Amino acid sequence: MSAQIDTAAAPKPRARQASPHRTRNLIQNAAVAVIVLAGLALWQIAADRHLINGQLFGSPLGILASAHQGLTTGTLLYDSWVTLYETVAGLLLGSIAGTGCGLGLWFVPKIARPAEGVSIVLNSVPKIALGPLIVIWFGSGMSSKIWLAAISTFAVSMIAATASVRELDRDLLNLFRALGASRGKIFRKLILPSAVPWIFSALRMNIGFALIGAVVGEYIASQAGLGHEVFVAGSLFDLNTVWLGIIVLTLMASLLTLIVRLIEERFVTWKSDR
Amino acid sequence: MTPALAIRSLSHDFIAADGGATPVLDRLDIAVAPGEILAIVGRSGAGKSTLFNIISGLLSPRSGRIEIAGVPAGTGNSRIAYMLQKDLLLPWRSVLDNALLGIELRGKVGAVDREDAIAMLERYGLAAQINAYPHEISGGQRQRVALTRTLLLRPTVLLLDEPFSALDYETRLMLEDDVMSLRDERGMSVVLVTHDIEEAIAMSDRVVVLAGRPARVSQDISIGLTTAGRRDAISAREAPEFRAYHARIWGALKSTAIAA
């Protein structure tokens, strides 16, 4: 009898606990939305009444108009696609190459330390400064932006991968050795899987770096892309289009971060903090 | 009778970064009979782990040798398997896949291996956790998975380095029992490296005390306990001789502390 009462009563407190949490979230989100809308309204009113210089600051309705125009002419979608393509291609190229180099160093421990030093120096080079060089080498098309994005992400991935090898539990390595595992098996069954969380955290950081690489590449020399659009609009004092570009770039970064997180959740189901 | 494991005049040095050598182990001679449980006790820094690493083949000694069933370690068919305080389970593998790791690294995992692993995990009360990840089970359960991984290799010599010291007392007694009954069933030899005198006396047939710097065998004590019924982790601790052994080993460890 008492057992029946217990089981029947058990789910209730949980349900009661969940609802205040959800309500609190809803209130918080609503508050953020209200603040943002109020800010936009103030901005629009200030621009309409010439309290601020609309030429220098743009306005929310102006941005909307700019978006509408971009969508009807198709340039907004095309430019977004170009930048997204350059970013993703560069991100994958740089991250895969960096991770490969970092993990590959495990096979050659003698050069691992100096190579790690080189990767740290590489990371401190302002990659954007290489922009003009890359454009001269690879032209003003998409490939120079892909290279710039790849160079911007390579070192981060390499540092993360070498760190994952360095942080590996020596006892685990000893266990594999004592069990007679070949170097290939140690790599496939220990080094690689234990690097996965490091690879993903580098990938998340690299989204921003790849985007900077692609956009700055477009600033330097390009025929298309959001960076190109923003640069041209900026030089024409079309601040609404500049804002539009920034908003789309932010959305793009958020979207890529979300995709990486979903892939990570799919692959790394074993982490204790999930 | 040929010992299951023999440590023959084994000496080893620590080589410092500046090239200077500090002797750690000095001409150790220890033999473990088939089916015997031997405990090696010593203070921390006595060279227990170094000895453990040499026996398990992770370190090459400066001089001396390790023989398994009469032949140099690593050459015969006999197998040494070891287990540490850390369970060393791979977080991305399920309980079953962790248990099968040793077999997988040595060759191919067959259907029979899989069945064996499942049967052994079930025996250790892990039937419901076979597909769980290590972070989803308790410390004692994790250590049992590690024990399963070790035992599936069918070792002739089982090396244990403080394997249960991180566990709560109850779980620890249960695992001590597991090891003792496994020895009874399979007749494998067990070498237990520990600083826990009680665990050493409760589990083993013999206790070797390592002392001095470099470490030598200072005492070699056969343990005979009078237990009511079968000897297990509890009954061994309740044996009338237990305290006397404890005092003797504690005395041996303490005197080395003063000497050092």
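**Figure 1. Surroundings of A:Gln69 in helix H4 of chain A.** In this predicted model, A:Gln69 counts as exposed, because its relative accessibility is 52% and the cut-off for exposed is over 50%. The residue belongs to helix H4 of chain A, which covers residues 60-73. A:Gln69 and A:Gly100 are separated by 31 residues in sequence, and their C-alpha atoms lie 44 Å apart in space.

**Figure 2. Packing of helices H5 and H10 of chain A.** Helix H5 (residues 75-104) of chain A packs with helix H10 (residues 183-220) of chain A at an angle of about 145°. The axes of the two helices are 7 Å apart. The crossing in which H5(A) passes H10(A) is right-handed. The residues that make this contact comprise 14 nonpolar, five polar and two charged ones.

**Figure 3. Backbone at A:Phe237.** A:Phe237 has a phi near 60°, which is a positive value in a residue other than glycine. This residue is placed in the loop between helix H11 (226-235) and helix H12 (239-267) of chain A. The relative accessible area of A:Phe237 is 47%, and the residue is partly exposed.

**Figure 4. Backbone at B:Ser9.** In chain B, B:Ser9 is a residue other than glycine with a positive phi, near 30°. B:Ser9 is part of strand S1 of chain B, which covers residues 5-15. With a relative accessibility of 34%, B:Ser9 counts as partly exposed.

**Figure 5. Salt bridge between B:Glu104 and B:Arg93.** The structure holds 26 salt bridges over all chains. One of them joins the side chains of B:Glu104 and B:Arg93, with an N to O distance of 2.6 Å. The pair links distant parts of the chain, 11 residues apart. B:Glu104 is in helix H3 (residues 101-106) of chain B, whereas B:Arg93 is in the loop between strand S6 (80-83) and helix H2 (95-99) of chain B. B:Glu104 counts as buried at 15% relative accessibility, and B:Arg93 is buried with a relative accessible area of 10%.

**Figure 6. Salt bridge between B:Arg172 and B:Glu199.** The closest N and O atoms of B:Arg172 and B:Glu199 are 3.5 Å apart in this salt bridge. B:Arg172 lies in helix H6 (residues 169-186) of chain B and B:Glu199 in helix H7 (residues 197-203) of chain B, so the bridge ties together parts that are 27 residues apart in sequence. B:Arg172 counts as buried at 14% relative accessibility, and B:Glu199 is buried with a relative accessible area of 1%.

**Figure 7. B:Arg183 with its partner B:Asp184, and a salt-bridge network in chain B.** B:Arg183 and B:Asp184 form a salt bridge in which the closest N and O atoms are 3.0 Å apart. B:Arg183 is buried, its relative accessible area being 14%. B:Glu176, B:Glu198, B:Arg237 and B:Arg243 are joined into one network by salt bridges that share partners.

**Figure 8. Packing of helices H5 and H6 of chain B.** Helix H5 (residues 139-151) of chain B packs with H6(B) at an angle of about 15°, and the axes are 10 Å apart. The two helices are therefore roughly parallel to each other, because the angle is under 35 degrees. H5(B) passes H6(B) in a right-handed crossing. From H5(B), the residues in contact are B:Gly140, B:Gln143, B:Arg144, B:Leu147 and B:Leu151. Their counterparts in H6(B) are B:Thr171, B:Met174, B:Leu175, B:Asp178, B:Leu182 and B:Arg186. The residues of this contact include five nonpolar, three polar and three charged ones.

**Figure 9. The cis peptide bond before B:Pro214.** The peptide bond from B:Arg213 to B:Pro214 is cis, and its omega is near 0°. B:Pro214 is placed in the loop between strand S9 (206-211) and strand S10 (216-222) of chain B.

**Figure 10. Contacts of B:Val217 in strand S10 of chain B.** B:Val217 is found in strand S10 of chain B and is partly exposed, with a relative accessible area of 32%. Leaving aside residues up to four places away in sequence, B:Val217 touches B:Leu28, B:Asp29, B:Ile30, B:Val208, B:Val209 and B:Leu210. B:Val217 and B:Asp26 are 191 residues apart in sequence, while their C-alpha atoms are 8.8 Å apart in space.

Notes: Residues numbered from 1 in each chain as written. Chains lettered and ligands numbered in written order. Predicted model: local features only at pLDDT ≥ 70, side-chain atom pairs only at ≥ 80, totals over all residues. Heavy atoms only, no water. Salt bridge = Lys/Arg side-chain N within 4 Å of Asp/Glu carboxyl O. Helix = DSSP H or I, 4+ residues; strand = E, 2+ residues; numbered from the N terminus. Buried < 20%, exposed > 50% of the residue type's maximum accessible area, 1.4 Å probe, protein only. Axes fitted to C-alpha atoms, helices over the stretch in contact; angles between N-to-C directions. Parallel < 35°, antiparallel > 145°, perpendicular 65-115°, else oblique. Left-handed = near helix turned anticlockwise from the far one by under 90°. Contact = heavy atoms within 4.5 Å. Nonpolar A, V, L, I, M, F, W, Y, C, P; charged D, E, K, R; others polar.
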